[in-house]
Amino acid sequence: MFDFDPKIRPSRHYLPKSLVVSHKKPNFAAMIQSIATSMPMIVCGILTAQLGLSLYDRWDRPRFRLLIFMATATLLYTAHCIFFNNLTQAIPFSDTLYSFCNPAVYPLYYLYIEELTLHRPNRWRQFLMLVPSIVCFLAVGLLYLLMSGAETTAFIRGHLYQDEYSTLTGLAWWQAQAHLIVKIVFALQIPPILIMGWRHITRYNTMVEQNYSDTEDKTLAPIKSLLVFFVITTLVSFLCNIIGRYRFADSPWLLTVPSATFSLLILLIGHLGLRQNFYIRDIAEAVDKPEPTAGATPKEDMALRERLRYVIDTEKIYLQPNLKLEDLANRLNSNRNYMYNVINVEMGISFSEYINQKRIEYAAQQIRRNPKALLTDIATASGFTSTSAFYRNFKQFKHCTPSQFQREALESQ
């Protein structure tokens, strides 16, 4: 489908060193380049297979979205591998795939975030987010189909490997403009995607904290932190685009920087995606959008606060593991909106913070009474489902670790 003119042979004088055929034995630098060019592709391929196998066991829409993202990233890094290993005969095909995958990976990851955080994502808007990538793919692919062998060779030799414009003519020049548009599309879409993704995750995490006492493995805090790493890799991508891919072809050591960075990012994305089993689907429709109580009188609110204090202080309902706002509302013969108004609005604290603060106060009392008790037993008795949540909340509310608090309790005896 893509044919080069056999009469046109790239001159050794115009090609980068890595493109000139060498008869020397493979050296250490060549081995580094081979690893650097293939590592992101291999990482993506393995994670794509793992995600596919996990979906075979249990269907999960967000994970399916992540699978699409990971498969697209695999194609992207396959195109990189072909480029940096100078497989010029395959470049017209791989470069066409690259023109879609490069501007599509960030939108695809954002769609994964939407599946985690929104009950009913707008499918039409999601499709529109991928339209620029599809247009870039069609434009670059069509130009490769229309270009002659001489123009294709001139474009690959002059633009892809040397970033040269002045020598390009005809369709080769238009192909260079199409590649410039691909870079612009990639750059323009990143800031809004990062901002919207951050907002969706923040809103979702707030929703979890307002309705669940135990937020461990429920919030998307790790994925939110991952967005910060996304910013770092974005800067790396910008630098690579400014410098030009062709400059990395002759420098295996320089190539390892983006290769290692992107491989680590993909590995973290896959690891967190395979572990994330709780998302918006698991939050009941009734707690999707908590609203302040409408029509409640101050007297009713005060009565509800008194009953809340009684259940908390006397019955110690906070010791119940996996306590939800709905459970507390049922115990008080109230509804979730009234409870939300009393705790989140009037007290100015989330349900998760309110319950865990009570748990930590209880845990501190138990440590003072018996400083030699096992902290794991105290954590369980206080209603925590994991020691990590116990340690995190203890440090948040007591400003020290449980071990430090226990040592002080022993010393004070």
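A residue counts as buried under 20% relative accessible area, as exposed over 50%, and as partly exposed in between, with a 1.4 Å probe and protein chains only. By that scale Asp313 is partly exposed, with a relative accessible area of 45%. Of the 413 residues of the protein chain, 50% count as buried. The structure is a predicted model, in which local features need pLDDT of at least 70 and side-chain atom pairs count only at pLDDT 80 or more, while totals for chains, interfaces and linings use all residues. Residues are numbered from 1 along each chain as its sequence is written, and side-chain values use heavy atoms, with hydrogens and water left out.

**Confidence**

- The pLDDT, the predictor's confidence in each residue from 0 to 100, averages 83 over the protein chain, and 84% of the residues score at least 70.
- Confidence is lowest in helix α7 (residues 221-243), with a mean of 74, and highest in helix α4 (residues 123-146), at 95.
- Residues 1-25 have a pLDDT below 50; this stretch has 41 contacts in the model beyond near neighbours in sequence, a contact being heavy atoms within 4.5 Å.
- Residues 288-295 also stay under 50 in pLDDT, and the model gives them 17 contacts beyond four places in sequence.
- Where pLDDT is low, the predicted coordinates should not be read in detail.

**Overall make-up**

- The protein chain has 15 helices and 0 strands; helices (H or I, at least four residues) and strands (E, at least two) are DSSP runs, numbered from the N terminus.
- Among contacts between residues at least 6 apart in sequence, 76% join residues at least 24 apart.
- Gly45, in helix α1, is partly exposed with a relative accessible area of 30%.
- Gly45 and Tyr77 are 32 residues apart in sequence, and their C-alpha atoms are 9.7 Å apart in space.

**Nonpolar cores**

- A nonpolar core is a set of buried Ala, Val, Leu, Ile, Met, Phe, Trp, Tyr and Cys residues joined through side-chain atoms within 4.5 Å.
- The largest such core has 52 residues, of which Phe69, Tyr109, Ile266 and Ile269 touch the most other members.
- At least two residues of this core come from each of α1 (28-57), α2 (61-84), α3 (91-117), α4, α6 (170-211), α7 and α8 (252-275).
- Helix α3 gives the most to this core, with 12 residues.
- Ile269 is in contact with Leu66, Phe69, Met70, Tyr109, Leu226 and Phe230, leaving aside its neighbours within four places in sequence.
- Apart from the largest core lies another, of 21 residues, with Cys136, Tyr144, Ala178 and Val182 among them.

**Helix α14**

- Helix α14 (residues 387-398) has 12 residues and should span 16 Å at 1.5 Å a residue, which agrees with the 16 Å between its end C-alpha atoms; the expected span is 1.5 Å times one less than the number of residues.
- Its buried residues are Ala389, Phe390, Asn393, Phe394 and Phe397.
- These residues cover an arc of only 125° around the axis, so they lie on the same side of α14; the arc is that of the directions from the helix axis to the C-beta atoms.
- The cover over the buried residues of α14 includes α12 (351-369), α13 (375-381) and α15 (402-411).
- His399, just after α14, takes a positive phi of about 60°.

**Salt bridges**

- The whole structure contains 11 salt bridges, each a side-chain nitrogen of Lys or Arg within 4 Å of a carboxyl oxygen of Asp or Glu.
- Asp60 pairs with Arg58, the closest N and O atoms being 3.8 Å apart; Asp60 is buried at 2% relative accessibility, whereas Arg58 is partly exposed at 35%.
- Glu306 pairs with Arg309, with 3.1 Å between the closest N and O atoms.
- Both Glu306 and Arg309 lie in helix α9 (residues 298-315), 3 residues apart, about one turn of the helix.
- Glu306 is partly exposed at 46% relative accessible area, and Arg309 is partly exposed at 37%.
- Asp313 forms a salt bridge with Lys358 (3.9 Å, N to O).
- Asp313 lies in helix α9 and Lys358 in helix α12, so this pair ties together parts that are 45 residues apart in sequence.
- Arg65, Glu115 and Arg123 are joined into one network by salt bridges that share partners.
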